[in-house]
Each structure stands twice: as structure tokens, then as C-alpha cells.
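Student: I have a model open on my screen and would like to go through it with you. Shall we take it one feature at a time?

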Amino acid sequence: MVWISVHGLKKTINDRTLFTDVDLTLENQDKVALVGTNGTGKSTLLKILATQSGQDRGEILCKKGLKIAYLPQNPVFQQESIWDEIHQYRKDKEDFEVKSILTKLGFSDFSLKIETLSGGQKKRLALAIVLLQPCDVLLLDEPTNHLDEDMVEWLENYLQHLRCALFMVTHDRYFLESVCTKIVEIDQGRFYTYSGNYEAFLEAKAQRKEREQAQAHKAYQLYKKELAWVRAGVQARSTKQQARLHRFEDLRKERFMINEKNLQLTSVSSRLGKETIEWEHMGFQYGQHELFHDFSYRLKRNDRIGIIGPNGCGKSTFLNILDQDLQPTQGSISYGQTVRIGYFRQGDDQVDLSMRAIDYIEEVAHVISYGKESLTASQMMERFLFDKKMHYMPLARLSGGERRRLYLCRVLMQAPNILLLDEPTNDLDIMTLEVLEDYLDAFSGAIITVSHDRYFLDRVCDSVFVYQKDHTWKMYLGGYSDYKAKLQPIKKETIKRGTIPKRKTMPYAEKKELEQLPALMETYENKIKELDQWMQEAGTDYLKLQPLSKQRDELDKKLEAATERWMELEEKKEAMK
């Protein structure tokens, strides 16, 4: 049954057309995610469907008596305390149901004044209110922002079993994969609908892009032919020739549309010496409230570290200490002379929204240099998908996601060699996240990130520090999924009395090979790290870099082959168990 039907929808903001001729249907059991680049109108479309904003053209037909609940990006409240606010929306919910949801979302004191809440707490309160409202359609704008990992997993399970229709904007790819049955993509003002979860969306989109590239090639050949005709300078302009000129203009526009913009980040960083950051027995507490204690670590030059823990445990405080915004209340911290920190905070709250975008970037640097190359602030902005006409636009006219992307541009404009990332995935679109992840792969420095995004942690990190109940941090090798796998108890198989199981074992040669492979892989990895260090020290000396690069490529191939063989033998071993 169709709950909402959209026909010919168009929306323009500040002379900028977000989308036009949108056709969309939402059925009663749909769980739909809306994805697209920041600034394409995702939040605006949700506001229109929630009747919080109007469209320029088109119609929206809803089933009679349809109940819609809406979670905006920036919620507004009417009452003084948490309990008074949520009491307005509880309807027929019992106290225990209300308190259960509030507790799951990190609230223990329901009498707290709303004015004392942080931005993240306000978003979680708004989410609790929305989930308590009986509705036919649930509209959610970035529901996983400001939720820790346990909260995200709880919400994921809650929405999977929800019986109403769901339409949401989210960048959380694991969340998309497990919750959604349909994905709608906004791409240059056009809407594309894909059935299935995130994996199915990626496959279908890749096929669409291949078809478009084939069409683009044909269009380009025709374009070149028409361009040659136009340049030849036809003497007589008949009706037929005018029509051909119009066709050329259409081809020119089509060619422009097909060439999709791509965010390109070049790894720009300052040289980092052997001494980085080292902290010993570090702790921090506010008055009598201890966040953590006895935290010691020496940061390696190519570390990729994730910080995992519940809200309020001191993750952001830890990054603020590393950036020297705060001083530890226990222990010590020291810095190498070449350390240059770039800190991507949860928000740039102190920014003047009347400032022009280009001035916001040039406030940090006018030109950034890397090797023999350099980029101006304007060129850097273009790489972040801010075209020339947006450079002189006040920050207030940018969407929340666009401001976040511009803030990332500003941080990288400092050419840091140690990156501190505090919830970097909040409000960034999936395309920007994918390119940022590729950038971090090539970044020649250390990275420490606080994130609730499980996909991002798996993709970027090679180790994680996890907050413990005794206010300490414990290190695990690997990303988020590796850490969770280590927590799973090993199940012992029960054997019925009187039965003798058939014994299956690996051949001796394969068993021996499996035992030796981890050490071999570690040797390859250490050699690669050593080569990376030598390449960094070689700088732009091509004669030194060429043989080092060749050796690295060969080791990469050997490591990949050894890893594949190890996985093959591990699977065989598990199958025999």
C-alpha cells in the first residue's frame, strides 16, 4: 500500500535548484535511505515530506489520516526538563517504556534542564521523542549522529523490527546495510531508486555508471563532430542549420552533466620526525569525577588509532589534551619538535557565519605546499567540490554538510602530520567519506580518531583503544569488527555420550605453512614500514625514490599473496572443525 506519492517535485534555494521533476513513492513496509552529496537537498526533501517546508512545484499525495513523525537535524524543544518535554509525546506509552528508551539513549537523570544539554544530548532526546510517537511514516535525518556504538546497534535492531515505513538520511554504511530495503540517490538533481541494501546499491550504481560512460563516449564523439561543424563557420544560417546549432548546445549541456564532479584530495602533510607524542600514566578528572587514569602510549609515525567508548567517558577530552586545549590532571605528555597537529573537531562553533567561504580558508593559509607542488586556497576549495561561485558565499548559506566539508578543507590546509579526528563522519556524505578514507590511507603521518561509525573504524584503523569500566583504556589490534570478534565467547561443542566424532585434520605440510604465515606476513609488513620511512626521508629525490618504490610494490604483492593463502588455510581449518 502506498503511503506517500510524490510527482514532479522541484525545489530552489537562493537561486540554486536542488532537484526538479522528482517522482517518488513510499509504501507501508518500505525502509528507505536517501543518499547523495552534501548540499543536494536531502534534508530539504525530508522537511518537505514532513510539511516543515514547501516545494516550488509538484504535488505530494498522502494516504488519508497518515501519521508522520520527523527527526530534524537541529531539534527545537518547548519545555524546561527532559521529562516534561517527552511527556507531551508519550501518548499511551507506559513509564517503563519511556524510561527504557531514554536509558538506551544515554539518559539517567530525567529531571535535567534542556538548556544544560549538549548538542549531542539534544539530538538523542529528539530521537527518543520521535521513537515514542505512534506513526505510519518515520522520517529521520542523520539518526546515528551523537550515538555511541552500543546505542547505534540498539537503534539498528529497533528499526529492523519497526512496522511503520522508514525514510531516512544517513551516511552510516553498516546501518544502511542492515536496516534498509531500498536506497534513493540524489545525483546532480536527478533521483535514482535501487532495491536492496547498501551492497546491492553499490553494485547497481556501478552498472549505471558503466552505462553512462558508454553513452558519454558516444555523446563525446558526436560533440566533437558538431564542434568541428560550428567552428567551420557556416555562411548561410537556414532553419535546418539553426536546429543543428541548438542540437550542439544540447550536446554541450549533456556533456557537462555526464562529467560528474569528483572530490579529489591530495595527501598534503609536513615532515614528521622520529619523536611524535608520548604520554605516561595520563589521567583526567573534573573535580571528583574521574574520566580516565593511568593511560600510557608512545605514538608511532604511521599509527591509525580508533578511540571507542560510551558517551561521556572522555574521548573528546582526550583529544583536547593532545591538542593542548586542556592539561592532564595526572601524568605527563611530551611532543616532538616537528609535530604539527590538525584537529577536526565535532563542530566549529566559534565561526562567524557571515564570513565568506574563501576568507574562512585563507584565514589558515593562502597557499599550501607539498613537495614541489602547491595549491592556493581557491584550488583547494575546488578539490572539495566548492566551485568559484561558492567561494564568495557567506557560510550561513551553506548546508550543514557543506560547512562540515569546508571545515575539513580548512584543517587539511594546515598541512598537519598528526590528525586528530573527532566524529569525522558526522554530516559528511558517503562520497566525501570514501575519498577521505582513501586520503587517510595515503596520509604520511599518525591518525587518532574518535568515531561511532563502525565502517569508518574498520576501514581506517589498525588498532583501537577501548574504554573499560575501571576508567582505563585497553588496546586491541585491528578495527571495530576485530575488537568485537575478540569479545565473543568461544562455544564448546557438546558430544553425545556413546558417540565418537570423526576426526578431521589438516595435512602436516599445510598445518606447518599456516603456523609460519603470520610471521612471514609480519616480516613483509615491517619491511614495508621501513621502506615507507626511507621514502619519506628521500623526499622528492627521484633517483632514491624509484628503487624504493619498486621494492615496496614487490613486497605489497608478496604480502597480498601470503594474506590470501593464510585466509584460505584458516577457512579450511575452520571447516574441518
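Student: Which residues does UniProt place under the feature "coiled-coil region"?

Tutor: Keep in mind that this is a predicted model. The feature name comes from UniProt, where the entry is unreviewed. The positions given there are residues 545-572.

Student: How far apart are the end C-alpha atoms of residues 545-572?

Tutor: Start with the secondary structure: the span is 100% helix and 0% strand. From one end C-alpha atom to the other, the separation is 40 Å.

Student: Thanks! Now the open sheet: which strands stand at the edges?

Tutor: Begin with the order, which is S2-S1-S4 with antiparallel pairing. A strand with a single partner has one side left without a neighbour in the sheet, so the edges are held by S2 (16-27) and S4 (57-62).

Student: Over how many bridges do S1 and S2 pair?

Tutor: S1 covers residues 2-13 and runs antiparallel to S2. Within this pair, threonine 12 stands opposite threonine 17 of S2. The pairing of S1 and S2 extends over eight bridges.

Student: What angle does the direction of helix H1 make with that of S1?

Tutor: H1 spans residues 42-49 and packs on the sheet. The helix touches S1, S2 and S4. Its direction and that of S1 make an angle of about 125°.

Student: Last one: is glutamate 156 buried or exposed?

Tutor: Glutamate 156 sits in helix H5, residues 149-160. Beyond its close sequence neighbours, its contacts include Tyr174, Phe175 and Arg454. Its relative accessibility is 12%, and the cut-off is under 20%, so glutamate 156 counts as buried.

Key:
Residues numbered from 1 in each chain as written. Predicted model: local features only at pLDDT ≥ 70, side-chain atom pairs only at ≥ 80, totals over all residues. Heavy atoms only, no water. Pairing = 2+ DSSP bridges. Helix = DSSP H or I, 4+ residues; strand = E, 2+ residues; numbered from the N terminus. Contact = heavy atoms within 4.5 Å. Axes fitted to C-alpha atoms, helices over the stretch in contact; angles between N-to-C directions. UniProt positions renumbered as here; feature names shortened; annotations may be inferred. Buried < 20%, exposed > 50% of the residue type's maximum accessible area, 1.4 Å probe, protein only. Lists of a residue's contacts leave out its neighbours within four places in sequence.
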